[in-house]
Each structure stands twice: as structure tokens, then as C-alpha cells.
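Here is an informal walk through a protein and the metal it holds. Have the coordinates open and follow along.

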Amino acid sequence: MGVVERLGGGRSRLGYDEPMMKRALVATVSIALLLAGVAAAQRAPSDYRESDAVLAHYPALPEVALQSPAFAAATASLTSQDDLIAFVSKLAAGSRHVRLASLGRSQQGRELPMLYVTQEGLDDPAAIARLGRPVIWLIGQQHGNEPAGGEAMLAVASALSSGELAPLLDRISVVIVPRGNPDGAAADRRVLASGADPNRDHLLLSQPEIRALHQAMRVLPPDVVFDHHEFSVAWRWIEKFNALQAADVMILEATHPGVPRSLTDIARRLYRPALDAAMAHHKLTSHDYVTTAANMDDRTVSLGGNAPGIARNTFGLRGSVSYLIETRGVGIGLQSYQRRVATHYLLAKALLEASASDSGLSAAIAAARQEAAADRSPLVVSHKVARRPFEMPLIDPDTGAPKPTPVTLADSRTLTSIERRERPLGYLVVRGGAAVAEHLALNDVTSCEVAEANKLAVETYDVQRVAAQTGAGRESINPDQSVRVTVRPSAVDVPRGALFVTMAQPAAGIAAAALEPDSPGSYLGVGVIPMSDGESQAPVYRVMADPPACLRP
Ligand SMILES: [Zn+2]
């Protein structure tokens, strides 16, 4: 039995009929909910002390040598921002391959370093793109209290500079963002200084750190992105199940149904077997990434969600092969730290080796993007997520013995579509066009201005505002589905200069997620496209035939 969801909503859309709410109120509610989710996300316990019996199951991996600041001394430590900057600066200064660049600065003024790693030691993104090698982006520590992924990025950079990974550079180019959230890292907090969750902002692009990342990706688009995180070991798991998470690592590819199928095929065909083999070789345990809601009565365990604004999904929608990597680490301080960092390192290494070994990778990804641009299949607007019994591999907190626990799994990869909508040729935006164009451009979506005022046959949206839903967990999407629509054919006056966004482009999935008003976090829902109280027709139209001529392409 499934539940009806909007894409990625993860919650029932039934039973929330409310009178039309003022735009400002909706925005306020959305922000309040966002902050409520943030508060829940921050309510992490002080470090949980694992029993010796449990720790014995997670020993260091001495066969993996990690050249990074945390392991420079006999006892591992967290790497400070100063130590991180010093490490990457020294690495770049002493390397033929590594060049230090910057995404900019965080909200509290900390540097956001970025490393370009190429055979030629290039620091010009356009020149790196012209090499024609697959461009692999590695992102660490978007969440500040998940340090192992960030530390591993430093070890990967070192190994690419002069270590075991350097020979791969004649076949791939690598971009490394070792610490996406330095303010959160300094405060040992998940969130950005603003309180917003960076991992939910990749469609909305409201946070400077996330805007800077996508600006850099626009200049040097990723073919593959690995996003390195950690997950809670005890917390809800011990409160709900009196057990600890067992797996060393959980992984998941982009699952939003708008992600080009061929990209998902590459993820499963090329990368998943390589990752699985690396883990098996080092006797690391793994399964698909799952989480569980804050509600203690809810024993459902969910695969990572389908919201388009989750980094993993946004990267997929913009045309990259995308994976989330999560190690067993939040809330346990530095326990098993070498093993956690080594696990990230080994998976990044497997990714880079698999990328370098596939001489057809660039062509396959290019073909997948062309397919996406030519796709005419219907858009899945809402769907049911399959629910099935699942045995969650947990462990006893005292003995470390396996404690497989029956739960219900909400499987975001197994969908039944509830509502399909014919795919338009493109969208017309007649209000807020400049902001929409700017947002979309950061996610690699092109748009143009209509050349002549015209009366056009389109489909319009009648909009109904509904209350934002309560009880949003941290896995929920950013601003909730506060919009429902009815689509109908109409003839409208389109002014000169209105924005036209064609769907005949590789990142069409981003365009649809942003512009279908009832998609979670849509630009109408979050106010990028303003709509005043009392209006019922959205200032966004679906072009089903005869796209308008543009002033410039
Ligand atoms: Zn995370």
C-alpha cells in the first residue's frame, strides 16, 4: 500500500484543503517550516559513546594510507579551517597537477576552497573542459557535522597529486570541493550559518555557498558528481529500535523520476559494481541509503527522497551521473574515524578508477544528455512510492551482535505514477522572468526572451494555495507543496520580452521541476515567481505547439 506523494514530498497531499492564503503568509509558513526542520536537524545528541564490543566491529583500515591533516599525528583529530587551507595551499604549491581556486566565501566569511586537478595542471575551467576528458566533481562536508567525507577529499587530492591516483589523470579531470560548509564545520553543525540545510537548496539556490557551487559547475559542468556525507549511528535508531546502524556506508544514485534514464543506467552499470567491489575487497558493509523520520511512532524507513532540490537529485536533473555516499559517523565524534575516512577514500578511488577505465564514458554521458533534450515522454507530477517489508540491518548497542529489525521500507525508486502531464515544448514565464532566468542558468538551463508580443495558444494553470504541511522531517523537501493546480487549454497575450524556457535541452528536468507550479520547491511555490493574493492564474504557461521566436538564442 503506497501513499500519494507529490514528487519527493514524502507526505500525503490529502486533507489539507485550506482557504487561499496570502502569498506572504505562505512564504512565512514555508520559512517557519524550514526552520522547524532545521531545529530538528540540529537537535543532535552529544556524542554517543559506542561500547567496546561495537567498536571492535569497526576497526581502522591500516592498508589504506591517508595523506591528510587529521592523520598527520599519532592521534586523529578534526581538521580546522586554518589547517585545511594550509594543506590545500601547500599541496597546490608543490604539485604539477593540483591548482587551488575558490568558490568564494561562506556566510561568515570563511574561504570555500576548490581544487582543479588535471594532468596538465590547468586552472582555467574552459581549458579543462576542452581537454574532453570526463569531469568528475567530488564534494565533501556540505553538512558541517559530517567531517569524514571532507577529510577524505584532502586525501584524494593528495593521492591525485603524487600518489596512487596520479596515473589516472591522463584520462579524467577532477574538481574537489573539500568542505562545502565551513561555517557548519566550525560550529559542528549540520546547517549553514543561516540555519538552512545546504543539501536541500540546490533548486531554490537561496544560499550563497550553494549558488557559488552551481556557478562553478556552470563554468565546468560535471559529468559525474559524488557527494560525501555521514549518517547518524544512534539517535533515532536507538530511540525507535534500541539498536545502532550497522552498515559502514550507505549509497544512493539520483532517484528523481525526471533524471535521464540513461544517466541512471550508467550509474548502475559502471559505478555501482565498482563501488560494491571496493567495499567487498575491504570487507566493508553497505546498502542503499535510508533514513527514518523524527516521529518516534513511525517505524517506516525511507530510501533517500525524490525532491528535486536535494543535491543528489539536482545534479542528476542537470545532466550528471550523481551519487550520495554516506558513512557511519554522525553523533559519534571521532570514533572509528580512520575507517570512516578510508571508506570515503576507497569509494572515491573506485569512482575515479572506473571513470578512467571506461573510454566511452564521455560519449555515453553526451548521448544521455541528447536523449534528455529529445525526450517527449509525459512528466510524472505525482506518484506513489512502493512500501514493502524490509529487514533493517541494525546491531545491538551493547554487544554489537546483529539485530535485524523488521520495518516498512518506503522505496523511492519504485514508483507508480498518479498524475502524468504531457511534456510541453517549453514554458513561458510572464512575471519574474529575470529572476527565473538567473536561477535556471545556475543549473545549466538556458532561456530566452520572446521577440514579439503575440496571442498564443497555451495551457494555463489555475492555482489553488493550500496550507504547507506540518511535521516535515529533515528528509522533506524545502518549502512544501503549498500549490495545487488545474491545467487547461487557453489563449493568452504574451508580451515581448516574456521568458521562454525550451524543454529541448539536456537539463529539461530542472526546468520542469522549477516551473511546474505543483512540483516541490517550484519557483511559483517559493516566490521566485511572484503571484499576488486574489490571483488564480499562474504567470507561467505551457507551450504545447509552435514555440515563440526569441530575441536571441
Ligand atoms: Zn549529510
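Before we look at the metal, one bit of vocabulary: four donors count as tetrahedral if all angles lie between 85 and 135 degrees, and as square planar if opposite donors are over 155 degrees apart and all others between 65 and 115; anything else is irregular. Keep in mind, too, that this is a predicted model.

Now go to the zinc ion. Its protein donors are ND1 of His143, two OE atoms of Glu146 and ND1 of His229, at 2.0 to 2.5 Å from the metal. The angles among these four donor atoms run from 56 to 152 degrees, so the site is irregular. One caution: water is not among the atoms, so a site may look incomplete. Along the sequence, the donor residues follow the spacing H-x2-E-x82-H.

How exposed or buried are the donors His143 and Glu146? His143 has a relative accessible area of 2% and Glu146 one of 3%. Buried means under 20%, so both residues qualify.

From His229, step across to His344, which sits in helix α11 (residues 337-357). The side chain of His344 reaches the backbone oxygen of His229 at 3.1 Å. That same side chain of His344 also makes a polar contact with the side chain of His228, at 2.9 Å. His344 counts as buried because its relative accessibility is 0%.

Staying around α11, look at the loop between β12 (321-330) and that helix, where you'll find Ser336. Ser336 isn't a glycine, yet its phi is positive, at about 55 degrees. With a relative accessible area of 16%, Ser336 is buried. Asp546, in the segment after β20 (540-543), is another non-glycine residue with a positive phi, near 50 degrees. Asp546, however, is exposed, with a relative accessible area of 63%.

Last stop: the largest pocket, which holds about 920 Å³ of space. It is lined by 38 residues, and those closest to its centre are His256, Pro257, Gly258, Val259 and Arg261. Which element gives the most to the lining of the largest pocket? That's β14, with six residues. Elements that each supply at least two lining residues include α9 (261-281), α12 (361-374), β13 (379-395) and α14 (508-515), along with β14 (402-421) itself. Sorted by class, the lining of this pocket comes out as 16 nonpolar, eleven polar and eleven charged residues.

How values were computed
Residues are numbered from 1 along each chain as its sequence is written. This is a predicted model: local features need pLDDT of at least 70, side-chain atom pairs count only at pLDDT 80 or more; totals for chains, interfaces and linings use all residues. Side-chain values use heavy atoms; hydrogens and water are left out. On a 1 Å grid over the protein atoms alone, a cavity is a set of points where a 1.4 Å probe fits but cannot get out, and a pocket is an open set with protein on both sides within 12 Å along at least five of seven lines; lining residues have an atom within 4 Å of a point. Grid points are joined across faces, edges and corners, and a volume is the space filled by probe spheres set on the points. Helices (H or I, at least four residues) and strands (E, at least two) are DSSP runs, numbered from the N terminus. Ala, Val, Leu, Ile, Met, Phe, Trp, Tyr, Cys and Pro count as nonpolar, Asp, Glu, Lys and Arg as charged, and the others, Gly among them, as polar. Donors are N, O and S atoms within 2.8 Å of the metal (3.2 Å for Na, K and Ca); water is not among the atoms, so sites may look incomplete. Four donors count as tetrahedral if all angles lie between 85 and 135 degrees; four count as square planar and six as octahedral if opposite donors are over 155 degrees apart and all others between 65 and 115; anything else is irregular. Buried means under 20% relative accessible area, exposed over 50%, partly exposed in between (1.4 Å probe, protein chains only). A polar contact is a pair of N or O atoms within 3.5 Å; within protein, one must be able to donate a hydrogen and the other to accept it, and residues adjacent in sequence count only if both atoms are side-chain atoms.
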